[in-house]
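Reader: I'm new to reading structures. Could you show me one and explain how its terms are applied?

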Amino acid sequence: MNRRRSSIIDPLLTVLTWVGTLVMFTPIAWMILTSFKTEEDAVSYPPKLFFSPTLDHYRRIFENDFASFATVSILVTVISTAIVIVLAVPAAFALTVRPVPKWRDVLFFFISTKMMPIAAGIVPIYLVARAFDLLNTSTVLVIVYTSMNLPLAIWMIRSFMVEIPRDVFDAVAVDGAGRIREMVQIIVPLIKPGLASTALLCAIFAWNEFFLAVNLTTTVSTLPVFLQKFLSFGKLYTAQVAAVATLINIPVVIAGWLAQKSLTRGLTFGAVK
Amino acid sequence: MSKPIRRSTFVGARAYSLAFSVSLGLLLAQAVQAEPITLTVALAANPQMETAAKLIDNFYAKYPDIKVKFQTLPENQLRPTVLKDVATKSGQFDVVMIGAYEVPLWAQKGWITNLSKEFVAKDTEWKSDDLLTPIRDLVSYKGDMFATPFYGSSSFMFYRKDLFQKAGLNMPEQPTWDQVADFAAKLDDKSKNISGICLRGIPGWGQSLAPLTTVINTFGGRWFDEKWEPQLSSPKSKEAINFYVKLLKEHGQQDAAKDGWQECLQLFTQGKTAMWYDDTVFAGPVIDQANAEVKNNVGFALAPIKEKPGSGWLWAWGLSIPTTSKHQDAAWKLVAWLTSQEYIKLAGEKAGWGTVPPGSRQSTYKLSAYEAATKDYADLTLKSINAANPLKPTVDPVPYTGVQYVTIPEFEQIGDFTSQQLAGAISGQMSADDAIKASETKIKEIMEDAGYIK
Amino acid sequence: MRMKIMTSISLPDRSRATRPSGRLAKGWWDRLPLLPALVFVILVTQLPFVITLYYSLQRWNLVSTNAPRFVWFRNFVNAATDATFLKAVVNTGVMTFSIVVASVLVGGLLAAGLNREFRGRTIARTLAITPFFIMPVAAALFWKTGIFDPTFGILGWITDEIGIGRINWISQYPKLTIIIITTWQWSAFALLILLAGMQSFPTEVAEAAEVDGASRLYVFRRLMLPHLRPFIELTGLLVAMYVLENFAAIAILTNGGPAYSTTNLSYYVYLEAFSAFDLGRASAFGMISLAIAMALTIPMLRVVSGIFKEGGRA
């Protein structure tokens with residue numbers, strides 16, 4: 001590298017980058033720190049950086065039905081994500097490897113459904129769910145989360161399939177039976193990392209979703225709904241919320257950290273190799 | 001040719017499946033009889049109800065053939081959840097906890113069972129004479145009870161005795177709003193980050209409009225005149241709203257437009273405000289959660305007044321049985337048990353007298369253990385409840401009932417809008433007068449649309 | 001023939017041309033894998049709109065004592081004269097636009113900083129993208145008391161210490177509050193994509209230009225930015241898609257207030273449907289927000305299709 005001016009500018013930029021990074025992370029660090037404080041320390045003035053830590057809030061997480069909400073969250077996230085992948089792989093296949101006529105229109109149809117505000121359909125979704133006796137069940141959340149994530153998943157998976165070299169398929173016959181084999185045995189293994197990052201992103205969106213959960217379910221519901229209850233107990237809740245939030249974000253954050261690379265690749269719809 | 005044959009086989013199949021389903025139905029019916037009945041109960045998530053959930057084993061001991069499934073929800077979610085359920089006749093709940101505002105409206109719509117007619121008259125064990133009269137009236141429609149009161153409450157003033165003493169001030173048992181404004185100005189301590197008073201400011205008809213409406217009432221204002229013409233811009237209502245906004249802006253807590261009773265409770269228990277005007281039911285939790293400095297210095301006074309005496313609000317959480325419930329008798333057993341003298345005693349002994357549901361029964365206030373535990377505020381609570389009159393809440397006559405709300409179905413919509421404008425005024429985005437003007441235009445629109453005024 | 005096109009399979013026209021014509025069954029074999037997803041999406045996302053349309057023509061309030069009745073377009077007329085609704089439309093536009101721009105800017109700057117060699121770069125990047133993974137409800141709850149609150153929050157203390165006093169964030173700057181917290185989460189997302197975009201920039205080009213005496217700024221403006229354009233557009237599109245429906249932060253921090261200044265379309269539909277229980281009006285609002293979203297969608301779709309044309313992807 002022949003950058004002469006960099007001797008002064010580079011360290012400065014590095015410092016600035018670190019400042020920016022820390023600004024981004026400070027709220028999270030503060031949240032983690034708060035989760036080890038007593039409720040009174042959490043709201044003390046001036047804010048306490050040093051305090052005698054307590055694990056009380058972590059011990060008390062399992063009060064107030066945390067377990068049942070967490071179970072629903074995990075169930076809904078895993079099942080809806082699995083269905084998304086199972087539906088999206090063949091769809092992406094039909095839009096990429098053996099494209100149907102007008103595949104481009106279909107692709108744009110999918111992404112356009114993502115741009116329709118869910119709020120516009122919430123009343124009928126609610127009423128239809130009631131008609132089928134699905135309100136306040138995890139089934140209704142699985143259904144709506146699947147449809148919420150499906151378009152994005154199809155786009156991402158398609159972008160991974162596009163990159164498979166053509167000659168890979170030449171060995172396979174293209175009759176009906178061969179097609180399933182082609183999909184399951186050849187394509188899926190090739191795009192495994194891509195599928196994983198797609199699944200992760202869908203899982204994050206399902207795990208964090210609030211609007212549909214709060215409107216369609218109440219007691220059989222996911223963790224965001226559980227968390228929002230803290231507002232109305234009329235107690236000090238900052239530290240307790242921090243503890244719950246820290247705990248339930250740990251798996252997502254770690255998965256996100258591990259999958260950084262393939263996540264970006266999928267999100268750029270394959271524009272980056 | 002083939003058609004009749006097909007039809008007959010079809011009919012045959014139908015008959016067969018019918019027979020099958022009938023026998024299956026019989027089997028199921030038998031199974032149901034042997035199985036205990038399970039009641040699904042929607043409750044507000046508050047300390048009193050948490051106690052109820054913990055004590056349910058005592059109910060099982062009495063009625064072994066009934067099982068109870070509690071679904072506790074935050075207040076703001078309980079309302080829409082239960083309403084959606086009963087209005088669409090989903091029949092998910094056997095017992096629902098609803099507020100005083102809903103009881104007459106839902107009774108009128110036939111959504112909830114007439115308890116007086118169906119149960120109270122027959123059940124001599126459940127003492128209905130012992131209920132506090134204003135609270136019983138509150139959960140009644142046309143003289144019949146449609147809910148049993150789980151707890152009843154009014155509003156009063158919480159204040160810090162130590163701060164008053166230090167400032168050389170004295171809180172009378174019956175303060176006026178002018179005095180309170182004066183105290184707030186003197187106690188407001190920006191350097192120590194302690195506000196003069198904490199009042200609700202967050203939008204929501206059940207939030208900021210509750211205290212504001214009691215201020216409007218005592219200032220001599222009202223929501224509507226006898227012809228349902230909106231009266232927020234009448235001089236006295238206007239004065240009251242301007243007073244509330246000004247007090248909150250000048251000596252209220254910081255960032256008041258985001259605070260409901262939850263935040264005020266936090267601020268008061270952490271010593272960040274000198275006064276707080278809110279529901280009497282928070283007296284127990286305040287003492288329970290206060291930090292060391294505040295704990296022994298909590299004082300109580302009646303709701304401040306201006307023109308009209310007895311300006312506290314009146315509220316009750318009642319237990320109702322939706323008409324869609326298939327287990328009416330079992331539901332009554334639970335409802336009666338949860339609001340019985342026996343339960344109150346049990347809750348006091350097992351969970352502490354501070355978390356006993358207050359304000360429902362006279363006998364509660366005669367229990368010596370309860371008296372001892374709540375001596376600081378029990379009398380004032382009773383006094384406030386008895387002084388409030390939801391049938392005649394204002395100085396001038398009104399066509400509606402309800403102290404801190406208006407018992408018409410449109411009030412939720414009206415209240416949500418008005419409280420949004422109020423928050424706008426509190427946050428300084430608009431003047432109180434503009435907020436009133438915008439609200440009144442909207443109220444008029446809603447009332448015309450609903451056919452109250454032409 | 002095959003040998004020549006083996007580098008890419010995305011040549012649909014050609015593959016269609018090679019398919020023997022008139023074989024319907026074969027066409028359906030091609031379509032079959034697509035159908036489950038397509039049917040599912042149509043059922044769950046399109047059908048509701050048809051039903052919404054029907055409800056939007058009714059006067060139907062769950063709590064009202066009046067029975068539902070058909071009122072044609074009155075709900076739409078009311079919406080057009082409803083100042084709050086118009087406010088919600090403007091709020092949606094202002095907040096979405098600001099969040100998208102701010103996210104791209106913040107994310108882009110961070111990406112530029114992280115797209116350099118320095119010690120601890122991986123750690124820095126990992127920390128900077130974390131906000132995206134935090135549950136929005138948890139973030140909003142914690143920011144409300146832990147950060148924004150002028151009495152209890154850390155921001156109140158910081159601003160007090162540096163001498164600008166305690167700021168009543170939610171009362172005084174409600175929109176900004178929502179924008180800040182949402183941008184915080186989505187700029188991390190923007191960082192992910194933009195950093196990938198920068199890393200795909202061929203370094204040889206930049207080095208060659210610098211050898212030719214081009215300044216860093218010049219390289220950035222003339223070479224990097226054009227290269228990044230599709231990535232920026234993509235980021236904007238994805239962020240807009242999700243932020244248009246921003247709900248958690250609003251529901252928890254402001255209840256849409258004060259004076260509806262943070263009420264966006266999603267929140268207003270929610271208020272109308274599940275607080276006022278006016279299902280007819282709520283449906284009409286839903287239809288209008290759909291129309292607005294569509295109006296925004298068409299240019300956005302052009303942008304996306306542009307991305308893929310330029311990238312040679314489709």
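Author: Here are some questions about contacts, a sheet and a pair of helices. This is a predicted model, where local features need pLDDT of at least 70, side-chain atom pairs count only at pLDDT 80 or more, and totals for chains, interfaces and linings use all residues. Residues are numbered from 1 along each chain as its sequence is written, while chains are lettered from A and ligands numbered from 1 in the order in which they are written.

Reader: Why are helix 6 of chain A and helix 3 of chain C called roughly perpendicular?

Author: Helix 6 (residues 122-131) of chain A packs against helix 3 (residues 35-55) of chain C at about 100°, with axes 8 Å apart. Angles of 65 to 115 degrees count as roughly perpendicular, so the name fits this pair.

Reader: Which residues of helix 6 of chain A meet helix 3 of chain C?

Author: A:Val123, A:Pro124 and A:Ile125 meet C:Pro48, C:Ile51, C:Thr52 and C:Tyr55. By class, this contact has 6 nonpolar, 1 polar and no charged residues.

Reader: How do you know that strand 7 and strand 8 of chain B pair?

Author: Two strands pair if DSSP finds at least two bridges between them. Strand 7 (residues 155-160) and strand 8 of chain B have 5 bridges, in the antiparallel sense, so they qualify. B:Met157 has B:Tyr277 in strand 8 as its bridge partner.

Reader: What makes strand 8 and strand 9 of chain B edge strands?

Author: The open sheet has the order 8-7-9. Strand 8 (275-279) and strand 9 (298-302) of chain B each have a single partner strand, so one side of each lacks a neighbour in the sheet.

Note on methods: Helices (H or I, at least four residues) and strands (E, at least two) are DSSP runs, numbered from the N terminus. Axes are lines fitted to C-alpha atoms, for helices over the stretch in contact, and angles run from 0 to 180 degrees between N-to-C directions. Angles under 35 degrees count as roughly parallel, over 145 as roughly antiparallel, 65 to 115 as roughly perpendicular and the rest as oblique. Two residues are in contact if their C-beta atoms, placed from the backbone, lie within 7 Å. Ala, Val, Leu, Ile, Met, Phe, Trp, Tyr, Cys and Pro count as nonpolar, Asp, Glu, Lys and Arg as charged, and the others, Gly among them, as polar.
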